[in-house]
Every structure is written in C-alpha cells, then in structure tokens.
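Got the viewer open? Let's take a short walk through this model, one selection at a time.

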Amino acid sequence: MIATVADTGDTDGVAWASLGGAIRGRRHDRGLTLLELASQVDLSQPFLSQIENGRARPSMSSLYRIAHALG
C-alpha cells in the first residue's frame, strides 16, 4: 500500500515535491537536460533528479545555485 500525504500528514513533503516540480518546469522552459543543469550547478544528475521528484532535500546553497542557473 502506498501512503498518501493525507495518511502521513507530510505537508513538508508536499512542499518539497512542489518545489521539485517547479524546478523541473523551469528547466524544461529553459530547454536544459538534467545533465546540463547538474553540470552548471555542480550537482550530480541523480541528485538533481531526486530533487525534482521530491525525494531529496537540497541545502540552501544548492537551491541558490539552481535558482541562479534557472534565472
């Protein structure tokens, strides 16, 4: 059985997933691949993918680099 936010009360997880979706959307708008953005922000492609899917929580420094790269 898959637990949902309603089951777990994980509103923080929803926020991270929403942020990850926004990063993915902005990356797509810029025409960048995961690998290209990861290279620009000095993060690994798998970690950036996990951020976009709400499975990883980046540091403020990493978020700043991502935001700066995506304008």
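Which residues does Leu 37 touch, leaving aside those up to four places away in sequence? Select Leu 37 and show what surrounds the side chain. You should find Arg 27, Leu 32, Leu 48, Ala 69 and Leu 70 in contact with Leu 37. Keep in mind as you go that this is a predicted model.

**Zoom out to the whole chain**

Switch to cartoon view. The chain has five helices and zero strands, so to speak a pattern of α-α-α-α-α when read along the sequence. There are 71 residues, and 30% of them count as buried. Put a surface on the chain: the accessible area is about 4,600 Å², with 56% belonging to carbon and sulfur atoms. If you draw the contacts between residues at least 6 apart in sequence, 55% of them join residues at least 24 apart.

**Into the core**

Hide the surface again and go for the largest nonpolar core, which has 14 residues. Pick out Ile 23, Leu 37, Leu 48, Ile 51, Ile 66 and Leu 70, the ones that touch the most other members. Color by helix and you'll see that α2, α3, α4 and α5 (60-69) each give two or more residues to this core. The top contributor is α3, with four residues. As background, nonpolar side chains in soluble globular proteins tend to be buried together.

**Where two helices cross**

Now select residues 34-41 for helix α3 and residues 45-52 for helix α4. How do these two helices sit relative to each other, roughly parallel or roughly perpendicular? Their axes come within 9 Å and cross at roughly 105°. That angle falls in the 65 to 115 degree range, and α3 and α4 are therefore roughly perpendicular to each other.

Show side chains for the contact. From α3, bring up Leu 34, Leu 35, Leu 37 and Ala 38; from α4, bring up Gln 45, Leu 48, Ser 49 and Glu 52. The residues of this contact divide into five nonpolar, two polar and one charged. Leu 37 and Leu 48, which meet here, are also on the list of core residues touching the most other members.

**Last stop: a loop residue**

Finish by selecting Thr 33, in the loop between α2 (11-29) and α3. Is Thr 33 buried, partly exposed or exposed? Its relative accessibility is 40%, so Thr 33 counts as partly exposed. Now add Gln 45 and draw a C-alpha to C-alpha distance: Thr 33 and Gln 45 are 9.4 Å apart in space and twelve residues apart in sequence.

Key. Residues are numbered from 1 along each chain as its sequence is written. This is a predicted model: local features need pLDDT of at least 70, side-chain atom pairs count only at pLDDT 80 or more; totals for chains, interfaces and linings use all residues. Side-chain values use heavy atoms; hydrogens and water are left out. Axes are lines fitted to C-alpha atoms, for helices over the stretch in contact, and angles run from 0 to 180 degrees between N-to-C directions. Angles under 35 degrees count as roughly parallel, over 145 as roughly antiparallel, 65 to 115 as roughly perpendicular and the rest as oblique. Contact means heavy atoms within 4.5 Å. Ala, Val, Leu, Ile, Met, Phe, Trp, Tyr, Cys and Pro count as nonpolar, Asp, Glu, Lys and Arg as charged, and the others, Gly among them, as polar. Buried means under 20% relative accessible area, exposed over 50%, partly exposed in between (1.4 Å probe, protein chains only). Accessible areas come from the Shrake-Rupley method with a 1.4 Å probe; for residues, only the protein chains shown count as cover. A nonpolar core is a set of buried Ala, Val, Leu, Ile, Met, Phe, Trp, Tyr and Cys residues joined through side-chain atoms within 4.5 Å.
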